[in-house]
Amino acid sequence: MTGFKCGPGLSRAILLAAFWSATDRAWAESRPAVIGSKRFTESYVLAEIAQGVLERAGIPAEVRQGMGGTIILWQALRQGAVTCYPEYTGTILQEILKDPSPEGPDQIRSRLGGLGIGMTGELGFDNTYALVMKRQRARDLGIRTIDDLRQFPELAVGLTHEFLERRDGWEPLCARYGLAMRQVRGIDHTLAYRALANGAIDLTDAYSTDAKIAEYDLVTLEDDLHFFPEYQAVFLFRLDAGPQVAAALNRMTGTLNAARMIHLNAEAERTHDYSLAASLYFGGRGAGPSASLAADLVRWTARHLLLVGISLLLSILIGVPLGVWASRPGWVSQLILGGASLIQTIPSLALLALLVSIPLLGISPATAIVALLLYGLLPIVRNTASGIQDIPPPLRETAAALGLEPRAQLVRIFLPMASRSILTGIKTSAVINVGTATLAALIGAGGLGEPILSGLNLNDHATILEGAIPAALLALAVQFGFDLLDRILIPKGLRLGQG
Amino acid sequence: MIQLHGASKRFGSFAALHPTDLAFEGNRTTVLIGPSGCGKSTILRLIIGLTEPSTGTVQFDGEILSPQNLLRLRRRMGYVVQEGGLFPHLTARENILLMGTHLGRPREEMRRQLEALRELARLPADVLSRYPLELSGGQRQRVSLIRALMLQPDALLLDEPLGALDPVARAALQTELKAVFQQLNQTVVLVTHEMAEAAYLGDQIVLLREGRVVQAGSFAQLRDQPTDGFVSEFINAQRRLILE
């Protein structure tokens with residue numbers, strides 16, 4: 001039972017991966033400017049505006065919306081996956097330079113310059129953090145300032161995960177104000193508004209230019225101790241993108257005051273169309289009709305299938321040989337099965353975040369594929385191993401006694417006999433990955449997660465369903481497809497046994 | 001053809017086979033017989049290299065079995081196990097042709113060989129396209145026997161080939177096995193625990209107990225000149241059942 005080799009299969013997979021990354025790179029080169037955005041309305045709108053500004057300057061530009069939080073965007077910028085993205089001065093000081101001492105824009109600019117990153121002038125509005133409550137609730141309790149919260153430690157607080165972690169976030173704020181709130185939990189920014197509306201929470205964090213403040217009739221608690229630093233909106237860009245890009249982005253300097261930004265944000269959320277809102281910046285009546293839903297669905301689904309298909313293929317090419325190896329008794333088997341189980345216990349978001357920090361992968365579809373391939377490994381490895389182990393010993397021995405070489409025993413006897421178990425493992429992987437691949441949109445890899453994320457951001461159920469329903473149908477179709485494959489691929493002699 | 005020189009097999013402190021010298025020669029059928037756990041199957045497994053001797057050697061046609069020559073020597077032996085050892089994902093024909101196809105033997109030659117053996121083993125032609133799960137116990141053993149003989153082996157090893165069959169199928173197959181053994185001039189080693197079967201099929205009978213050879217000889221020798229009380233006891237135990 002030795003000598004099983006991966007053969008030409010694995011090298012084909014490596015070629016495929018190389019092809020993928022090569023096409024991805026070629027694609028990046030033909031599009032000099034990639035604009036990233038964080039996962040909230042204002043960032044989406046600013047990215048669309050930047051695209052308009054760049055294209056008006058004759059620079060082709062592509063937008064990758066909603067890629068993640070500060071750390072992901074900053075890494076994407078450093079790695080060159082994006083050319084520029086909108087950021088705020090307070091965030092740059094606190095989270096990127098990790099130096100909260102107040103500095104002027106010129107000092108920030110020179111420190112970023114040392115990292116190869118440029119910063120535009122301030123766009124014209126300060127989007128600072130704020131704590132918000134429902135107007136009625138605040139009035140009933142008589143709360144007007146953050147300081148007032150000290151008398152109400154029992155209020156239910158729901159905060160975004162980023163705010164909970166930030167250096168200028170919740171904990172330092174509590175220390176500064178001497179707050180001791182008893183009920184604090186993390187919540188998605190968009191869901192927080194719904195939770196406020198239905199009374200599940202009393203207090204959340206928000207951006208001061210957030211359109212929802214008006215929409216939900218919320219009040220901003222006064223920051224009487226001036227805890228929150230300034231969050232002037234700017235664009236960060238790679239200095240190696242060239243002077244034209246820098247000049248074009250700098251044309252936005254001073255063109256957006258707070259009132260105008262709130263208006264654009266509100267328009268974006270009302271129409272569910274960021275490019276339409278961005279077109280208002282340029283004085284337009286709105287962009288042309290966006291692509292039809294059908295075309296979007298085809299694009300999302302095709303991308304989704306590509307992500308799942310490539311990752312599944314790689315999972316099979318890696319998982320089956322590993323499973324064969326793991327079918328033999330000994331510590332190697334324990335190691336392989338243990339390792340595959342361990343990967344599965346890492347939450348998918350954490351795995352994506354870990355992979356994004358690997359320089360070779362970064363913010364790219366390749367990262368999503370690697371994450372999916374790792375997730376798909378366990379069912380295939382485990383089922384291959386158990387399928388082979390379940391072969392009765394007399395048949396195993398007969399295969400050897402006939403005089404078949406170990407490799408021929410594997411190919412002619414063991415793998416066909418384990419085929420049903422292996423196929424079941426592959427099916428499990430495929431179905432899991434169709435669901436997990438919706439997370440690929442978090443790092444800008446596209447797929448059916450795109451409408452889910454933007455729908456979540458817009459608090460728009462219809463948009464969420466545009467992604468969720470096809471994803472669910474796709475999972476069912478995959479399940480059905482594999483049941484058909486079962487009839488074709490499983491040797492007839494084995495199916496007889498299932499009655 | 002096959003010799004055991006001081007070959008033994010231990011599993012920890014348990015001796016499945018004490019150091020044993022045995023020779024299986026020419027076109028003779030040797031039956032290994034004895035109660036469960038006497039070491040008879042272990043001898044067969046040593047010969048085909050499914051287990052390695054703890055001490056001593058096993059020799060096949062002058063060569064000592066080793067990992068280097070094991071594959072080549074195994075292809076000169078045919079092996080039939082109790083349930084037939086047919087692979088469920090292959091039809092009877094595919095099972096039979098497995099090794100020949102793998103080794104790239106000429107199709108026409110294999111077809112003729114299969115046809116001759118099928119006649120010999122009295123297997124209906126339509127059975128060949130069926131899967132093992134669609135076969136009766138007797139048919140399975142016939143297919144297994146044909147598979148073992150396809151490469152025209154120098155030795156045929158059978159581990160309780162009739163053990164799982166009902167009495168009628170068993171009797172029919174005994175007759176055919178005897179015909180096959182006589183027709184093909186091979187060294188045959190057969191394991192059973194039935195003395196009547198041993199007496200009917202074997203030119204030589206080797207009676208074992210607790211990992212040791214008690215007596216080896218023809219059935220008449222064992223019956224008329226037992227070297228040990230156990231020999232008579234073993235023969236009479238089975239005879240008494242029939243008489244009473």
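Which residues in H4(A) are buried? In this predicted model, the buried residues of H4(A) are Thr89(A), Gly90(A), Thr91(A), Ile92(A), Leu93(A), Gln94(A), Glu95(A) and Ile96(A). Helix H4 of chain A spans residues 89-96, and eight of its eight residues are buried, which leaves the helix mostly covered. The elements that its buried residues pack against are helix H3 (70-79), S3, helix H5 (105-113) and strand S10 (233-238), which belong to chain A. Just after H4(A) comes Lys98(A), with a positive phi of about 50°.

Confidence in chain A should be checked before its details are read. The average pLDDT of chain A is 83, and 90% of the residues score at least 70. Within chain A, strand S3 (residues 84-88) has the highest confidence, at 95, while helix H1 (residues 8-30) has the lowest, at a mean of 45. Over residues 1-30 of chain A, pLDDT stays under 50, and the model has 23 contacts beyond four places in sequence for them. Residues 285-290 of chain A also have a pLDDT that stays under 50, with six contacts beyond four places in sequence. Where pLDDT is low, the predicted coordinates should not be read in detail.

The next topic is the nonpolar interior. The largest nonpolar core has 184 residues, and those touching the most other members are Ile35(A), Ala50(A), Ile146(B) and Leu157(B). Helix H17 (residues 365-389) of chain A supplies the largest share of this core, 14 residues. Domain 1 (31-126 + 231-281) and domain 3 (292-498) of chain A each contribute at least three residues to this core. A second, separate core has 22 residues, among them Tyr129(A), Ala130(A), Ile143(A) and Ile187(A). To look at one member of the largest core, take Ile146(B). Leaving aside residues up to four places away in sequence, Ile146(B) touches Ile96(B), Leu114(B), Leu117(B), Arg118(B), Ala121(B) and Leu123(B).

Chain B can now be taken as a whole. Its 244 residues include 44% that are buried, and the chain has nine helices and ten strands. Of the contacts in chain B with a separation of 6 or more, 69% join residues 24 or more positions apart.

Some of the strands of chain B form a sheet. Four strands, in the order S2-S1-S4-S5 (chain B), make an open sheet with antiparallel pairing. Strand S2 (14-24) and strand S5 (63-64) of chain B are at the edges; each has a single partner strand, so one side of each is left without a neighbour in the sheet. Strand S1 (residues 2-11) and strand S4 (residues 55-60) of chain B pair in the antiparallel sense, over five bridges. In this part of the sheet, Leu4(B) stands opposite Val58(B) in S4(B).

Three loops of chain B hold residues worth a look. How near in space are Gln152(B) and Arg75(B), C-alpha to C-alpha? They are 9.2 Å apart in space, although 77 residues apart in sequence. Gln152(B) is in the loop between helix H5 (137-149) and strand S7 (155-159) of chain B. Gln152(B) is classed as exposed because 11 other C-beta atoms lie within 10 Å, and the limit for an exposed residue is 12 or fewer.

The other two loop residues are picked out by their backbone angles. Most residues other than glycine have a negative phi. Arg122(B) is not a glycine, yet its phi is positive, near 55°. The loop that holds Arg122(B) runs between helix H4 (107-120) and H5 of chain B. Arg122(B) is partly exposed because 13 other C-beta atoms lie within 10 Å. Glu210(B), also not a glycine, has a positive phi of about 50°. Its place is the loop between strand S9 (204-209) and strand S10 (212-217) of chain B. Glu210(B) counts as partly exposed because it has 15 C-beta neighbours inside 10 Å.

Last comes the contact between the two chains. How many residues does the contact take from each chain? The contact takes 21 residues from chain A and 21 residues from chain B. On the side of chain B that touches chain A, helix H2 (70-74) and helix H3 (92-102) of chain B each supply at least two residues. H3(B) gives the most to this side, with three residues. By type, the residues of this side of chain B are 13 nonpolar, four polar and four charged.

How values were computed. Residues are numbered from 1 along each chain as its sequence is written. Chains are lettered from A and ligands numbered from 1 in the order in which they are written. This is a predicted model: local features need pLDDT of at least 70, side-chain atom pairs count only at pLDDT 80 or more; totals for chains, interfaces and linings use all residues. Two residues are in contact if their C-beta atoms, placed from the backbone, lie within 7 Å. Ala, Val, Leu, Ile, Met, Phe, Trp, Tyr, Cys and Pro count as nonpolar, Asp, Glu, Lys and Arg as charged, and the others, Gly among them, as polar. A residue is buried if 20 or more other C-beta atoms lie within 10 Å of its own, exposed if 12 or fewer, and partly exposed in between; C-beta atoms are placed from the backbone. pLDDT is the predictor's confidence in each residue, from 0 to 100. A nonpolar core is a set of buried Ala, Val, Leu, Ile, Met, Phe, Trp, Tyr and Cys residues joined through C-beta atoms within 7 Å. Domain bounds come from an automatic or database domain assignment. Two strands pair if DSSP finds at least two bridges between them.
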